[in-house]
Amino acid sequence: MKRKKWLSLALCVGLTGTLILGGCGNGNGDSGTGSGQTNQGAETKDAGNTEDTEDSSSDTTDYGPALKLTMGSTGAAEDISTQSAQKFCDLVKERSGGQIEIELFPASQLGSATDQLEMVSNGSIDLFLEANLMTTYGIDNLKPASIMFSTRGKEDQKKLMNSDYMQKNFDEFLEKSGIRVVSFDWYRNATAIASVNKIEKLEDCAGVKLRVPPVNSTVDMFNQLGFNATPVSYNETLISMQQKVIDAVWCTEDAIWTMGFYEPANYVFELNAAADCMYVYANDNLFSSTMTDAQRELIQECADEAGDYYTGLAEGALEENRKNWEAAGVETITISEEEQDRWAEIFFDYAKKQEAAGEWDEGLFEEVLSINGYSAD
């Protein structure tokens with residue numbers, strides 16, 4: 001059975017409860033160690049390996065007492081994130097022999113990302129699948145990792161996520177919020193812009209109303225390029241584009257088809273930057289104090305396996321989705337390396353100014369870039 005180093009150590013020393021917080025796609029900011037939290041992510045299984053070779057019928061582990069948990073997400077019912085979240089729920093139920101059941105509420109049924117993270121924090125719901133919004137809750141030293149082109153693909157993102165830098169941020173996040181990052185092995189495709197108007201170079205960005213998540217630093221970054229960055233909740237993005245409230249949407253590339261953003265768009269502009277992942281967040285009081293060791297280990301194992309499943313789906317879906325939107329008449333434009341460098345220079349200059357203004361610890365942006373061999377100079 002797979003388990004991350006932090007869980008193995010935490011179970012040895014005895015987990016204790018703390019506070020709680022939330023993660024990404026919310027309504028006003030970006031994405032700790034409480035007692036007992038150690039390294040939250042040192043292993044990564046091969047993406048797309050979804051077959052379980054273990055015979056669960058021979059598992060004699062006692063997963064009692066029975067637990068009935070709730071889990072929210074913002075992805076549409078047919079989105080691969082929702083499929084993978086359901087995979088997680090099914091794995092937990094199957095391997096616990098029905099002792100642990102998780103009811104999934106996708107498509108923002110429980111509210112916006114911000115609302116659901118607050119619900120995780122106060123214990124109204126137990127689990128939440130979302131991307132990163134930790135800086136919304138005061139994790140300022142995580143801001144450098146959200147700078148565009150600080151990572152340029154999944155392999156970069158994996159190195160970043162498994163670094164000491166990220167562990168420190170997870171620790172602070174838990175301490176301040178009481179929300180534990182149970183799993184981050186849900187690696188997303190790179191981001192792109194689906195647009196009504198053609199965007200091929202930096203000059204084409206001027207005045208374009210671009211939907212971005214309600215994350216202050218993201219809004220600021222895209223405004224540096226000349227966009228009119230417009231925060232819109234994820235579940236309201238398509239209708240906002242259809243009603244011409246916005247001209248374009250920045251999102252993971254595979255979502256352009258699954259979320260229907262291609263319908264009002266004429267172009268997809270591939271940035272090949274800002275790789276990211278989804279997180280399984282848990283109320284830490286539940287996870288560290290209420291659950292037994294066996295329950296915690298099972299939740300961790302199944303969340304990681306479902307994350308690998310999600311990563312595989314994302315990789316497989318992207319090629320098919322690109323064919324689909326092009327068949328629907330949407331043109332795909334790939335940013336050149338020269339143009340990519342122009343965008344990166346603006347983002348990196350923005351990061352330097354933010355660091356000089358005290359937005360995060362001095363020297364941290366260069367540290368983040370160095371994880372993958374990049375430099376701001």
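Helices (H or I, at least four residues) and strands (E, at least two) are DSSP runs, numbered from the N terminus. Keep in mind that this is a predicted model, in which local features need pLDDT of at least 70 and side-chain atom pairs count only at pLDDT 80 or more, while totals for chains, interfaces and linings use all residues. Residues are numbered from 1 along each chain as its sequence is written, and side-chain values use heavy atoms, with hydrogens and water left out.

Begin with the whole chain, whose secondary structure comes to 12 helices and 11 strands. Of its 377 residues, 56% count as buried, where buried means under 20% relative accessible area, exposed means over 50%, and partly exposed lies in between (1.4 Å probe, protein chains only).

Next, select Val196, which sits in the loop between strand 5 (191–195) and strand 6 (209–212). Because its relative accessibility is 27%, Val196 counts as partly exposed. Now add Ala265 to the selection: 69 residues separate Ala265 from Val196 along the chain, yet their C-alpha atoms are 4.5 Å apart. Leaving aside neighbours within four places in sequence, Val196 is in contact (heavy atoms within 4.5 Å) with Met241, Asp247, Pro264, Ala265, Asn266 and Tyr267, and showing these residues together lets you look at the surroundings of Val196.

Then move to Lys87, which you will find in helix 2 (residues 80–95). Lys87 is partly exposed, because its relative accessible area is 23%. To finish, select Tyr309 as well, since the C-alpha atoms of Lys87 and Tyr309 are separated by 8.2 Å, although the two residues are 222 residues apart along the chain.
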